[in-house]
Amino acid sequence: MPELPEVEVTRLSFADRIAGARIEAVRLGKPLRWPLGCDPGTLAGRTVRGVRRRGKYLLLDLDRGLLLLHLGMSGSLRFDGWMPEAAVHDHFDLVTSRGVLRLNDPRRFGAVVYCEAEDSPQAVKLLGGLGVEPLTGDFDLDAFHAGLRRRKAPVKQVLLSGDLVVGVGNIYASEALFLAGIRPTLAAHRISRPRAARLRDAIRDVLARAVAKGGSTLRDFSNAHGESGYFQLEAMVYDRAGEPCRVCGSPIRAIRQGARATYFCPVCQKS
DNA sequence: AAAAGCCCCTGGATGC
DNA sequence: TGCATCCAGGGGCTTT
């Protein structure tokens with residue numbers, strides 16, 4: 001479900017409220033993708049310093065150690081002073097002095113992992129191979145173009161892999177490639193420098209606009225306040241197979257790349 | 001090193 | 001109405 005915009009919108013919706021909170025208890029539901037990695041009881045008494053994001057991971061900094069949170073395909077967080085009894089898909093509660101942070105995740109591809117430090121083996125295994133953050137000054141054109149040039153896979157797959165640039169998932173990969181006028185099947189190494197520049201700008205643009213719209217709510221995404229996003233209404237191609245291109249009117253085409261749907265306009269994205 | 005497949009899991013939509 | 005099949009916003013791991 002959640003790509004960079006949804007994760008960032010989630011972060012923004014509770015980071016200020018949870019900063020400074022004292023952890024009182026941890027409640028676990030059904031197992032998530034990985035075990036917590038520590039005795040839940042040992043977290044009581046620690047303080048949440050703040051919340052950062054790296055790619056699609058959220059990092060809850062504690063006064064000692066940190067919690068890595070991932071929302072997988074179907075996860076969402078809530079943070080509230082009052083929380084109802086845990087329901088079927090509520091699998092993690094962080095009970096704090098300022099409220100309960102709850103992870104709801106029907107498919108359980110998400111995870112909450114405790115690490116002693118950001119350079120601990122567990123943290124490095126999960127975060128170490130990640131590409132650059134697209135919304136910072138680190139998203140350098142030279143490095144991006146050089147990265148594309150050494151990959152022969154279709155550019156859509158390279159964007160999804162997350163080892164060049166992070167946070168671009170299945171919705172925003174299709175959207176960014178449309179904005180850049182690039183066919184998703186084009187081998188990454190065949191992208192010229194000017195087109196790489198266009199693609200970089202398109203990625204930044206679509207992600208930033210999606211954050212501003214509260215992310216995309218396709219079926220059930222909501223931020224930690226329970227509010228939906230609206231960017232799906234502005235999608236140019238995603239989930240619009242057969243519908244007219246918003247620029248040229250041609251029917252949007254859907255194909256399959258690596259078992260995942262890709263959408264593009266055959267006219268606006270000639271190559 | 002890079003690419004392709006597999007797999008984790010549940011629920012909703014579709015088709016017979 | 002019931003049941004089978006396919007699909008879904010991710011990504012780590014194993015195999016080529």
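The following paragraphs describe the overall fold, the strand pairings, two covered helices and several loop positions of a predicted model.

In this predicted model, chain A contains seven helices and 10 strands. Its radius of gyration is 19 Å, close to the 18 Å that the globule rule gives for 271 residues, so chain A is as compact as a globular protein of that length. Taken along the principal axes, the box filled by the C-alpha atoms of chain A is roughly 60 × 35 × 30 Å. Of the 271 residues of the chain, 53% count as buried, and among contacts with a separation of 6 or more, 66% are made by residues 24 or more positions apart. The exposed area of chain A comes to about 12,100 Å², of which carbon and sulfur atoms supply 50%. The chain carries 40 positive and 29 negative charges, and the mean positions of these two sets lie 8 Å apart.

Strand β6, which spans residues 90-96, is largely enclosed by the rest of the structure, because seven of its seven residues are buried, each with a relative accessible area under 20%. Two pairings involve this strand. With strand β1 (residues 23-28), β6 pairs in the antiparallel sense over five bridges, and within this pairing Phe92 of β6 is the bridge partner of Leu28. With strand β7 (residues 99-104), β6 likewise pairs in the antiparallel sense, here over six bridges, and Thr96 has Gly99 of β7 as its bridge partner. The connection from β6 to β7 is a hairpin that passes through two residues.

A further antiparallel pairing is found towards the later part of the numbering, where five bridges join β9 (253-257) to β10 (260-264). In this pairing, Gln257 stands opposite Arg260 in β10. The hairpin formed by β9 and β10 has two residues between the strands, and Gly258 takes a positive phi near 55° there. Ala259, placed in the loop between β9 and β10, also has a positive phi, of about 65°, although it is not a glycine. Ala259 is exposed, with a relative accessible area of 67%.

Two helices are mostly covered. In helix α1 (residues 4-12), eight of the nine residues are buried, namely Leu4, Pro5, Glu6, Val7, Glu8, Val9, Thr10 and Arg11. The list of buried positions therefore includes Glu6, Glu8 and Arg11, which count as charged residues under the convention that takes Arg as positive and Glu as negative. The buried residues of α1 pack against both helices and strands, the partners being α2 (15-18), β2 (48-54), β3 (57-62), β5 (76-80), α6 (170-180) and α7 (193-212).

Helix α6, one of these partners of α1, is itself mostly covered, with 10 of its 11 residues buried. These buried residues are Asn170, Ile171, Tyr172, Ala173, Ser174, Glu175, Ala176, Leu177, Phe178 and Ala180. They pack against α1, α5 (155-161), α7 and β10, and α7 thus appears among the packing partners of the buried residues of α1 as well as those of α6. Just after α6, Gly181 takes a positive phi of about 70°.

Most residues other than glycine have a negative phi. Against this background, Asp239 is of interest in addition to the alanine described above, as Asp239 is not a glycine and yet has a positive phi of about 65°. Asp239 is found in the loop between α7 and β9, and with a relative accessible area of 51% it counts as exposed, the cut-off for that class being over 50%.

A further loop position is Ala117, which is found between β8 (111-115) and α3 (121-127). At 27% relative accessibility, Ala117 counts as partly exposed, a value that falls between the limits of 20% for buried and 50% for exposed residues. When residues up to four places away in sequence are not counted, Ala117 touches Leu66 and Ala123. Ala117 and Leu43 are separated by 74 residues in sequence and by 14 Å in space, C-alpha to C-alpha.

Conventions:
Residues numbered from 1 in each chain as written. Chains lettered and ligands numbered in written order. Predicted model: local features only at pLDDT ≥ 70, side-chain atom pairs only at ≥ 80, totals over all residues. Heavy atoms only, no water. Buried < 20%, exposed > 50% of the residue type's maximum accessible area, 1.4 Å probe, protein only. Helix = DSSP H or I, 4+ residues; strand = E, 2+ residues; numbered from the N terminus. Pairing = 2+ DSSP bridges. Rg over C-alpha atoms; globule rule 2.2 N^0.38 Å. Contact = heavy atoms within 4.5 Å. Areas by Shrake-Rupley, 256 points an atom, 1.4 Å probe, with all protein chains shown as cover. Charge placed at Lys NZ, Arg CZ, Asp CG, Glu CD.
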